Amino acid sequence: MSGWGSIYANTVSGIQTQSAALARLQEQISTGMRVVRASDDPGSAVKIMDLRRKSASLDTYLTNIGQTSRTLENSLNSMQHVSTSLTRVRVLLTQATSGTYSDANRASMAEEVDSLLEQALSLANTYDLGQYSFSGQNVSAKPYVA
């Protein structure tokens with residue numbers, strides 16, 4: 001009888017082992033992941049955690065690059081508009097000093113120059129992502145005041 005008891009114990013043990021393996025495979029299939037718990041494969045679990053940390057860092061870098069790119073584009077836009085405004089101011093000042101315009105014409109030119117300078121001041125105080133773009137290190141203070 002001792003032979004049958006040993007065969008029975010081995011069979012039950014084999015069934016339990018195979019049942020546990022089947023349960024682990026079913027869990028892997030249902031989750032779509034080979035490593036569900038760190039105890040499944042500690043070496044792979046460490047690699048997975050490292051890759052997740054690196055992925056989070058890369059996501060942060062991408063977000064920062066996107067924000068920086070947007071800020072630079074907005075700053076470039078502002079600088080181009082300021083350049084256009086200042087070019088127009090130069091043209092108006094050249095015309096006003098030529099002596100060929102009346103006082104009324106020069107007064108309207110002066111109004112346009114004032115308007116262009118106000119526009120340039122507004123662009124120089126560009127505010128983006130909670131910061132003034134052209135204020136140097138003190139990004140919370142308005143850089144230019146008329």
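Contact here means heavy atoms within 4.5 Å, and the model is a predicted one.

Q: What makes Leu-92, Gln-95, Ala-96 and Tyr-101 count as contacts of Met-109?
A: Heavy atoms have to come within 4.5 Å. Met-109 meets that with Leu-92, Gln-95, Ala-96 and Tyr-101, once neighbours within four places in sequence are set aside.

Q: Which residues make up the largest nonpolar core, and what makes it a core?
A: It's a set of six: Val-89, Leu-92, Ala-96, Met-109, Val-113 and Leu-116. Helices α2 (42–96) and α3 (103–124) each chip in at least two of these core residues. The name fits because such residues are buried and joined through side-chain atoms within 4.5 Å. As a general matter, nonpolar side chains in soluble globular proteins tend to be buried together.

Q: Why is Ser-135 called buried or exposed?
A: Its relative accessible area is 15%, and buried means under 20%, so Ser-135 is buried. Ser-135 sits in the segment after β2 (131–132), and touches Ala-141 and Pro-143, leaving out residues up to four places away in sequence.

Q: How do you know that the side chain of Ser-135 makes a polar contact with the backbone oxygen of Asn-138?
A: The side chain reaches that oxygen at 3.0 Å, and the cut-off is within 3.5 Å.

Q: Why is Tyr-61 called buried or exposed?
A: Tyr-61, in helix α2, has a relative accessible area of 52%. Exposed means over 50%, so that's the label Tyr-61 gets. Tyr-61 also joins Leu-58, Leu-62 and Ile-65 in a nonpolar surface patch of about 460 Å².

Note on methods
Residues numbered from 1 in each chain as written. Predicted model: local features only at pLDDT ≥ 70, side-chain atom pairs only at ≥ 80, totals over all residues. Heavy atoms only, no water. Helix = DSSP H or I, 4+ residues; strand = E, 2+ residues; numbered from the N terminus. Buried < 20%, exposed > 50% of the residue type's maximum accessible area, 1.4 Å probe, protein only. Polar contact = N/O pair within 3.5 Å; in protein donor to acceptor, adjacent residues only side chain to side chain. Patch = residues over 30% accessible without salt bridge, like charges linked within 9 Å, V, L, I, M, F, W, Y side chains within 5 Å. Areas by Shrake-Rupley, 256 points an atom, 1.4 Å probe, with all protein chains shown as cover. Salt bridge = Lys/Arg side-chain N within 4 Å of Asp/Glu carboxyl O.
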